[in-house]
Amino acid sequence: MELAYIPSPSRGVIHLGPIPLRGYAFCIIIGVFVAVWLGNKRWIARGGRVGTVADIAVWAVPFGLLGGRLYHVITDYELYFSEGRDWVDAFKIWEGGLGIWGAIALGAVGAWIGCRRRGIPLPAWADALAPGIALAQAIGRWGNWFNQELYGKPTDLPWALHITSSTDGRVPGYYHPTFLYESLWCVGVALLVIWADRRFTLGHGRAFALYVAAYCTGRGWIEYMRIDDAHHILGVRLNVWTAIIVFVLAVTYFVLSAKKRPGREEVVEPGADAADGPGEAEEGEKADGVEKAETASDEAEADSREVTDEAGSAKKT
């Protein structure tokens, strides 16, 4: 008898009349809002304007969702295009299936377009978003819990995940909650990036590179625990190879960037200071004007007293 375990939801969707409310979609949406909110705060702290992060996210998020879905469909094509499968299911993103590698890759393309339109360096924007993206992943992983997917090997640990569904080849039982492991790891990655960014004043894309490298480290060992079907190369899961390659690229970029461009960008959004400047300048001019007026008034009053004193002295004489 199991004394403790993590229960799975009986269903991942609630119908509000004809409208389906899906847990997976809610987790993705909440994650996006958290990433934009935190990214906006970090962008402003770096000298950027309010709203710039959201404006660029309008480009990055759709591209990211498309890239994430494409990566999943391409690497698991047999789920949609093999005999007995319906290819239309490839478009049903709400049923789960987003590859973070494709999401980051194509999302970066969307962000690049948005940054180009605003005249902003992509690495600076990515640095501001890095911990928020990690938190978005942490929240998004709970969508897998709603869908009863992405669990690990069987276990009798007190935090085992109880799988109750038997659809799509699932076997009810108790398994490692790899979705939870990755969610907690991503929270740790976000905190690491925030700390390192403050401690070492990371810039020119290095905060984002740190996020990528740290995430890949965790994804590698968590991937080994999963038992869902996956493609293998030399006996190793495809996602493990991807994590290794991306980790190497991220570390290489971090090292080379630190040598070539140490420190952080002095200006992350051209014109941001100029946009704020006139208001401050006008206030300063008003303050100077008031001060000058008060000084002139005091001088006039002093002159008036002087004239009065001289007139009184003349009368006496």
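How many disulfides does the count come to, if a disulfide is a pair of cysteine sulfur atoms within 2.5 Å? The count comes to zero. This is a predicted model, in which local features need pLDDT of at least 70, side-chain atom pairs count only at pLDDT 80 or more, and totals for chains, interfaces and linings use all residues. Residues are numbered from 1 along each chain as its sequence is written, and side-chain values use heavy atoms, with hydrogens and water left out.

**Cysteines**
- C115 counts as buried (under 20% relative accessible area, 1.4 Å probe, protein chains only) because its relative accessibility is 1%.
- C186 also has 1% relative accessibility, so C186 counts as buried.

**Helices**
- Helix α2 (residues 52–75; helices are DSSP runs of H or I, at least four residues) has 24 residues.
- The ends of α2 agree with expectation: the C-alpha atoms there are 34 Å apart, and the expected span is 34 Å because each residue counts 1.5 Å (times one less than the number of residues).
- α2 bends by about 35° at V58 (the angle between axes fitted to the seven residues ending there and the seven starting there), and the proline P62 follows within four residues.
- Helix α5 (residues 122–140) bends by about 45° at L129, with the proline P131 following within four residues.
- Of the 19 residues of α5, 15 are buried, so α5 is largely enclosed by the rest of the structure.

**Position of F26**
- F26 lies in helix α1.
- F26 counts as partly exposed (between 20% and 50%) because its relative accessibility is 43%.

How values were computed
Helix = DSSP H or I, 4+ residues; strand = E, 2+ residues; numbered from the N terminus. Disulfide = S-S within 2.5 Å.
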